[in-house]
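Here's a quick walk through this structure, one piece at a time. Have the viewer open and follow along.

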Amino acid sequence: MKKLSAIVLFLCLAAMLFAAGTQEAASMPAAWEAQGTPLADVRIRQALRLAIDMETIVDELFEGMAQRAVAMTSPGSWLADGLDPYSYDPEKAKALLDEAGWPSDYTLDVVYYYGDQQTVDLMAIIQQYWATVGVKSSFRKLEGDLAAQLWVPPADRKNGPSEVKWDLAYAAVAALSENEFYDRFESTASNNSSIPWQSGLDEKVQATRATADVEQQKAAFKALQKEINAHMYNIPLYHQLSFIYTSDALDIAGSTLGNDQFSFEKHILDWKIDRADGMLYTNGGPMEFYEAPAVNPGLYLYQELLFDKLVNADANLTPTEGMLAKNYSVSPDGMQITFELRDDVKWHDGRAFSAKDVVFTLEYLIKTPGLNAVALNTFKSIAGAKEYLDGKASSISGIKVNGQTVTLTFSTLDPNALLTFSQWPILPAHLLAGSNPVTLQQNSFWQKPVGTGPYKVSQTVLGNYAILERNAAYYRSGNGNVKKIFMHASSENDSNLVKNAESGRIDYAWSKSVADAQSIGAIDSMTVNPVNIRYTRVFWVNQYPHSANIK
Amino acid sequence: MIPFIIRKVLVLIPMLFVISFLIFLGIELMPGDAVDFMIPPDALATISQAELDVLRAELGLDDPFLARYGNWIGQVMKGDFGYSLQSGVSVRDLLAQKLPATIELSLAALVISTLLGSLLGVVSALNKGRLGDHVLTVAGMIGVAIPQFLFGLVMIVLFVFQMELLPVGGRMTPGNEAFFQRLDHLILPAIVLGLSMTAGVMRYSRASMLDSLSKEYIRTARSKGIPEWRVNLIHGLRVAMTPVAVLIGFRLPILIGGSVVIEQVFQWPGVGQMFVAAVRSQNTPVIMMVAFFSVSIVLTASILVDIATALLDPRVKLS
Amino acid sequence: MSSKSLQRKMDRLLTLENQGKLRTSTMNRSVRKLSANVLALVGLALFLLILMSSLAAPLISSYEPNAIDLKHRLSPPGEGHLLGTDQIGRDIFTRILYGGRISMFVGLGSAIGAALIGVSLGTYAGYTRGVLDSAVMKLSEIMMSFPQIILVSILVTIAGQSLWNLILIFILTGWPSMYRMTRSQMLSIREQEYIQALQAFGIGSVTISFKHMLPNAIGPIFVNITLSTAMFILQEAALSFLGLGVPLEQATWGNILNVAQDLNILRNAWWVWLPVGVVITLFVMSVNFIGDGLRDAADPTQVG
């Protein structure tokens, strides 16, 4: 009780101090006042972007190891030409702010949710850039229930008022498919807390999902990018790269490296390691458990190597030939996929793999909370999925099995269905059937998972290291010599990666940290391979009416 | 004697109840819960709250506060400490995995700090007021005044990267799991942790050595013509060590909390590392158990010290 | 009647005078003993040097602590920057000066705050005993049975990371030891004869405990404050490292030092972390030496 009242007392005092410090006269009425926030004025959003010298930040802070962003999409065939880059122009920013009547006593409330040094440094830099054009800002790191503080949309999607308190939110958007970047611009999106309904915008978003044809998809995305770019509905800052580190002891046999946040064909069975014991060193070993393939199906190397998918993917994450499926076919309208399964596949415990496992996995994962939106959308698009989820059916009627052939019939088109089946693996029915899909991760299965992949778990010392060994019964073979894979225990952000690389105990690893890349780049025996990934850092700008959070 | 011990233990029980309730209440007051940390923040935007609520319900996180506490305390009394919310592994198994690592590191540090601290303290006392005394005092103090993690990182740079003498971290490597095979992993963290505890022991042993050197029997020994070094060593040291031993008894429980930072720097798979991870992800059962466990050790140790003092010192009244 | 009250007044005066004399004489002796302690003097000089330069930061450095200069990031000492620049081009010397203000404020403020609570409770409860004393004693026992870092980590997660929260948490976790120390002093002082004399005159317990007893316990209290200050400064740095400290955007010594976690900077840009590491170490040592000196000075068994 004493603690509580002391905290309350302190907070009151602090609030009074703040309140006393920032009393100033109100400015004259401006155009934005009818809209309930200055951020509703496009000129102000553009000014905020123009005031940031992203080129210098990328060159200096990131030492060139990032890309300035003009849209959510990174450069390539999915990005429209002729988008306004809003290059650094503080004079123009000032002019726009004046024109729009920026209230000089307004302090932007900017939130972020990463506590790493680089994020904090970037925030400090942006604060200074804005200060030079006369925009005051205050940055704070969010704690606790982030979803409730960041992504709750208002009841009225056109007029607000806002359900979130912040003015700008610094966020990262990781996308497996382009849709993950843009679906949230739709006024009905469950996570759109900042962009009010705009005439024509929803239709442009929907157009990107309406076709299975890649060229038509690209055209739709480009039209949408132009719209967003002109109105600056959010402020894209930069595209993060990922860095794959390889040691001189490792020969990856000419494989192409790609987005290692997900699974792609690495031909690891052909890799050669120059170590007498045939051991390849990496990180990402389990701290407390092997991560189940729900929200991230291939973040860790072990997820990729322990489990096989129905379909394989190349380094660009484009689905290629079959994996657990000998071959597969998609109907011309995209509404039916047929997988013909291999019959020579065995689980690591010796049991035969069958179509039963495929059906089980689909019906199981669809009930697992936290399943990635891409996969969930695919599974829910299968005919009969809704009835199954509602408890009206005991199975998904759109899944049909005939011997070793599985046929999926969709009720709505999902352009990303093959992508899903190239990333989400098949789980063993004989070990997981009967368990609760809601607490999938809490299942003891994830202490020593059993898959069908080219490597299997050999030894696990949680929080220290784990070792995978080559699966002799695997249905494919290679001429490489990597017998074992040693994984230092670490989370995704491995603070010990550089130390381990430095002491010669990393042959293959990846991270998104520029600091890691700089340090490992300085080690003679290591090579840093930068890779483009769909990972964009942005400011979401709260354009719904809201009062200033910092007074 | 027996009633004295029984009384002490009886006082302990309600205290543990109060403490467990306070920790539980504290965790309740934390913003958010474990489910918020199971999904990476980038992905949170794409997952519906309703789905997460299903997981919350399944993990029992949406029960009323008192019900959850009652449930927890009931389980603990049956010897079941709950399950990690992240992995579903039983907390008892987790503790059984991590505790040996922490105890190993802490004991090694304790040995280093005791040997070094009492040695430096005695030498310092024998040179009281002279340059040597000051130099040793300053040297002892540096270990405690350098931020532990900086000390650790600098040691890694020196001994691992520059001289390539020792492994960078972890507790063992595969195939080298016996104690003597993994000794090289233990050296650096134990030295850094040990040096940070040396100053306290040194200060104490210096004071008690000075104290005992001024005692009557030392003067008697000197007057009997026993050589100076023998007087100092045999007589002074023996007496001076007694309070140091008590000091160590008191330090033992602190070691559980003392290695949190070092475990992080040296990737040491112990209780401290587990605790930091649990606090960051609000893994309630694990936080509860580590906190509760360390409190129990502290309280039990203090009772043991009370009992030992009562046994040794007839002046302490048992009534 | 009047002669009796006069006598009482005279007696009180006499006691006061005796006490006053007693205090000045111990002070003198303490100062004398303190000044004979070389390490304590060096410590005091260092402490004052670091404290004064931080307070006078704007006079010493012409840079703003948060002014960035991306084109000159990580430049080594020299070239207009006495101690070089950090990873976003801020002047390190300036940041150490300004960071010292916050860190010393955290350290000293928390120690003094903890002392205010612990000492006042300890003084009053230690003198009066009774229910208050046993209740506070139990509470302090509970707080002290937690390893410090474990309790602080839990509290930081509850309250959220901020400068004020951290100070509050340090005070919350720091007062019990102050309380216990003061209380034990009080317990021995209250057995002295002059206290019985004061009680006989019917003087209130607040006056006796705070005005007549507390001054005689002030030595150990100062020792405790200095040692706590050093401990809190180190804890701030440790929490920073664990990601549970003052938010990184505020320049504290711990936050400046935290950059050393980047191995590239640790190995190639010593000026970013070494000076601040040295300053923290020197400051903690100086405060510890002052504390040791005060302890020796206050200890009547040691002849100075």
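## A four-stranded sheet in chain A

Let's start with an open sheet in chain A, keeping in mind that this is a predicted model. The sheet has 4 strands in the order β11-β12-β14-β13 (chain A), and their pairing is antiparallel. At the edges sit β11 (325-330) and β13 (399-402) of chain A, each of which pairs on one side only. Going from one strand to the next, the twist averages 15°.

Now zoom in on one of the edges. β13(A) runs antiparallel to β14 (residues 405-409) of chain A, and 4 bridges join the two. If you want a specific pair to click on, take Ile399(A), whose bridge partner in β14(A) is Leu408(A).

## The helix across that sheet

Which strands does helix α11 of chain A lie across? Helix α11 (residues 355-365) of chain A lies across β12 (336-341), β13 and β14 of chain A. Relative to β13(A), helix α11 of chain A runs at about 170°.

## A parallel pair and its crossover

Elsewhere in chain A, you'll find strands pairing in the parallel sense: β2 (residues 107-112) and β3 (residues 136-141) of chain A do so over 6 bridges. A handy landmark is Val110(A), which stands opposite Phe139(A) in β3(A).

Helix α5 (residues 117-132) of chain A completes the picture: together with β2(A) and β3(A), helix α5 makes a β-α-β unit, and the unit is right-handed.

## How chain A splits into domains

The domain assignment gives chain A domain 1 (2-240 + 535-541), domain 2 (249-290 + 453-524) and domain 3 (308-450). So far as selections go, note that domains 1 and 2 are each written as two segments.

Taken over C-alpha atoms, the centres of domain 1 and domain 2 of chain A are separated by 37 Å. Contact between them involves 9 residues of domain 1 of chain A and 7 residues of domain 2 of chain A. The domain 1 side of that contact has 6 nonpolar, 2 polar and 1 charged residues.

## Where chain B meets chain A

On to the interface between chains: 41 residues of chain B are in contact with 42 residues of chain A. What classes do the chain B residues on that side fall into? They divide into 23 nonpolar, 13 polar and 5 charged.

Several helices of chain B each supply at least two residues to the side touching chain A, namely α2 (34-38), α3 (41-44), α4 (49-58), α8 (148-162) and α14 (271-281). α4(B) gives the most, with 6 residues.

Methods: Residues numbered from 1 in each chain as written. Chains lettered and ligands numbered in written order. Predicted model: local features only at pLDDT ≥ 70, side-chain atom pairs only at ≥ 80, totals over all residues. Pairing = 2+ DSSP bridges. Axes fitted to C-alpha atoms, helices over the stretch in contact; angles between N-to-C directions. Contact = placed C-beta atoms within 7 Å. Right-handed = clockwise from strand over helix to strand, strands pointing away. Domains from an automatic or database assignment. Nonpolar A, V, L, I, M, F, W, Y, C, P; charged D, E, K, R; others polar.
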